[in-house]
Amino acid sequence: MPACGGAAAVDVVVTRLDVGPGALRASAALLSQEERHRAGRFAFECDRRRFTVARARLRQLLAARLDIGADSVELVYGERGKPALARRVAASNLRFSVSHCDDVAVYAFAFGREVGIDVEAVRVIPDADDIAARMFSRRESEAYRALDPSDKPLAFFSCWTRKEAFIKALGDGLSHPLDRFDVSFEPGEPARILRVDSTPGDRCGWTLYSFVPGPGLIGAIVAQKAIPGTIREHN
Ligand SMILES: CC(C)(COP(=O)(O)OP(=O)(O)OC[C@H]1O[C@@H](n2cnc3c(N)ncnc32)[C@H](O)[C@@H]1OP(=O)(O)O)[C@@H](O)C(=O)NCCC(=O)NCCS
């Protein structure tokens, strides 16, 4: 992945969530009361641990970029649940997005441009063809149907993560109709938004990136366009 600094860069961080008891305790100590309540509501211990570590890491990553303490980070939630910085630090114009899959969390950060990120494990799912027919746009589902079966698992999750990253950048969640935009995902095709409504992708104001956060995983990032759009990745 290209690496370059500058205020317009999108920073991507990949973190493992299964940690030892000491690190878990340290993570829990960074959470707000509301986040501790949320952690307590998970039915499974494993989900509780992963949420705790992922949220503490988010606080640390935001704090490092804002030069404040991790426990001073204040988050608010958009109408559809997208987290953002509270007004007190919102003037920094730092935007971020989070996604998790099993014990991996991925984070995207950018100053002055909205971002969305998504990660999935590439796997064979029995009803993938039906899901593609229901969830992908017409162009996407036709392109998916025409693929060689051996290409389908990666293509399916490439399309899925790219669409998900876009709706996460918009903050709309699933209220955003998934057939209103097309993304590329065929083998050998560069990651691109092909269309948003009737606007061609190269004029839609958003840039799509694909990346591999780890073995067996596929990730996507959508960012508002900025002058030389670049990605910087850390582990
Ligand atoms: C809310 C949604 C973002 C959840 O996504 P998900 O794939 O289940 O979960 P992810 O791990 O990728 O993302 C979860 C994170 O997204 C963030 N998030 C929640 N609501 C969000 C919203 N409206 N916009 C952007 N980000 C949001 C949160 O940070 C959350 O992490 P947290 O709970 O630890 O704070 C939503 O898009 C959704 O329900 N998607 C379902 C999947 C789907 O059908 N996709 C269609 C693709 S073809």
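Two exercises with worked solutions follow, on the strands of a predicted model.

The model is predicted, and local features need pLDDT of at least 70, side-chain atom pairs count only at pLDDT 80 or more, while totals for chains, interfaces and linings use all residues. Residues are numbered from 1 along each chain as its sequence is written.

**Exercise 1.** Find which strands are the edge strands of the open sheet with the order 7-8-9.

Solution. Begin with the terms: strands are DSSP runs (E, at least two residues), numbered from the N terminus, and two strands pair if DSSP finds at least two bridges between them. The open sheet has three strands in the order 7-8-9, and the pairing is antiparallel. Strand 7 (181-183) and strand 9 (199-200) are the edge strands, since each pairs on one side only. Looking next at one pairing, strand 7 is joined to strand 8 (residues 193-196) in the antiparallel sense over three bridges, and Asp182 has Arg195 in strand 8 as its bridge partner.

**Exercise 2.** Work out how strand 11 is paired with strand 6 and with strand 10, and why strand 11 is largely enclosed.

Solution. Strand 6 (residues 115-121) runs antiparallel to strand 11, and seven bridges join them; here Val119 has Gly219 as its bridge partner. Strand 10 (residues 206-211) is also antiparallel to strand 11, with six bridges, and Phe211 stands opposite Gly219. In the hairpin of strands 10 and 11, five residues lie between the strands, and Gly216 takes a positive phi near 80°.

For the last step, a residue is buried if 20 or more other C-beta atoms, placed from the backbone, lie within 10 Å of its own, exposed if 12 or fewer, and partly exposed in between. Six of the eight residues of strand 11 (residues 217-224) are buried, so the strand is largely enclosed by the rest of the structure.

Conventions. Helices (H or I, at least four residues) and strands (E, at least two) are DSSP runs, numbered from the N terminus.
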